[in-house]
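Welcome! Here is a short tour of how two helices pack and how a few charged side chains pair up.

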Amino acid sequence: MEILKNFGVNPILLGAQIVNFLIIFFILKKFLYKPVLELLKKRQVMIKEGIKQAEESRVKLEKVIIEEKNILRQAQLAAKKVIEEAKQESIELSKQMNDSAKKQTEKILKDATEQISKESLEAEKKLAVQASSLAISILEKALSEFFSAKEQEEVVSNALRKIKKINPV
């Protein structure tokens with residue numbers, strides 16, 4: 001004991017400090033440590049749920065992108081089919097018009113040569129206008145599902161310019 005006194009340690013104060021330390025340790029463990037651990041566990045669960053939801057959202061987004069690509073492919077195929085059908089119809093109409101014009105020219109060769117050529121030109125112009133309007137109508141219907149009204153107007157106006165360059169009315 002005397003050694004402790006030589007070092008300036010009071011055994012009663014040392015015992016009191018140890019008891020105080022244990023009381024504070026118990027209070028902190030009971031009222032601070034456990035609630036903080038529970039708060040950290042809740043936070044960890046929330047983070048795991050957030051990560052899980054983000055992963056689910058990413059998977060859903062990928063599915064939507066794949067579905068969108070499939071829809072676009074189908075729409076492109078349908079548009080190509082409609083355009084091909086329109087071409088075939090215009091070819092058939094053109095053939096029919098030519099046959100009709102030939103029959104008329106055989107019947108009235110001398111008197112109606114100029115009149116037949118005028119009617120043939122008018123019919124071709126009408127056919128071009130009808131084919132153009134049919135193509136524009138088909139284009140508008142096909143674009144209405146995929147583009148906004150402004151984008152549709154731009155695409156249709158570009159198509160009209162190209163058609164007018166090919167078939168000036």
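In this predicted model, helix α3 (residues 113-143) and helix α4 (residues 149-166) have axes that come within 10 Å of each other and cross at roughly 160 degrees. Angles over 145 degrees count as roughly antiparallel, so α3 is roughly antiparallel to α4. The crossing of these two helices is right-handed.

Which residues make the contact? From α3 come Ser132, Ala135, Ile136, Leu139, Glu140 and Leu143, while α4 brings Gln152, Val155, Val156, Ala159, Leu160 and Ile163. Sorted by character, the residues of this contact of α3 with α4 are 9 nonpolar, 2 polar and 1 charged.

Now for the charged pairs. Side chains of opposite charge can pair when their charged atoms come close. The count of salt bridges here comes to 2, and the table shows them with their N to O distances.

| Salt bridge | Closest N to O |
|---|---|
| Glu55 with Arg58 | 2.2 Å |
| Glu62 with Arg58 | 2.5 Å |

Glu55 and Arg58 both belong to helix α2 (residues 11-107), where they sit 3 residues apart, about one turn of the helix. Glu62 and Arg58 also both lie in α2, 4 residues apart, again about one turn. Through shared partners, the salt bridges join Glu55, Arg58 and Glu62 into one network.

How accessible are these side chains' residues? Glu55 is partly exposed at 39% relative accessibility, Arg58 is partly exposed at 37%, and Glu62 is partly exposed with a relative accessible area of 39%.

Terms used
Residues are numbered from 1 along each chain as its sequence is written. This is a predicted model: local features need pLDDT of at least 70, side-chain atom pairs count only at pLDDT 80 or more; totals for chains, interfaces and linings use all residues. Side-chain values use heavy atoms; hydrogens and water are left out. Axes are lines fitted to C-alpha atoms, for helices over the stretch in contact, and angles run from 0 to 180 degrees between N-to-C directions. Angles under 35 degrees count as roughly parallel, over 145 as roughly antiparallel, 65 to 115 as roughly perpendicular and the rest as oblique. A crossing is left-handed if the near helix is turned anticlockwise from the far one by less than a right angle, and right-handed if clockwise. Contact means heavy atoms within 4.5 Å. Ala, Val, Leu, Ile, Met, Phe, Trp, Tyr, Cys and Pro count as nonpolar, Asp, Glu, Lys and Arg as charged, and the others, Gly among them, as polar. A salt bridge is a side-chain nitrogen of Lys or Arg within 4 Å of a carboxyl oxygen of Asp or Glu. Buried means under 20% relative accessible area, exposed over 50%, partly exposed in between (1.4 Å probe, protein chains only).
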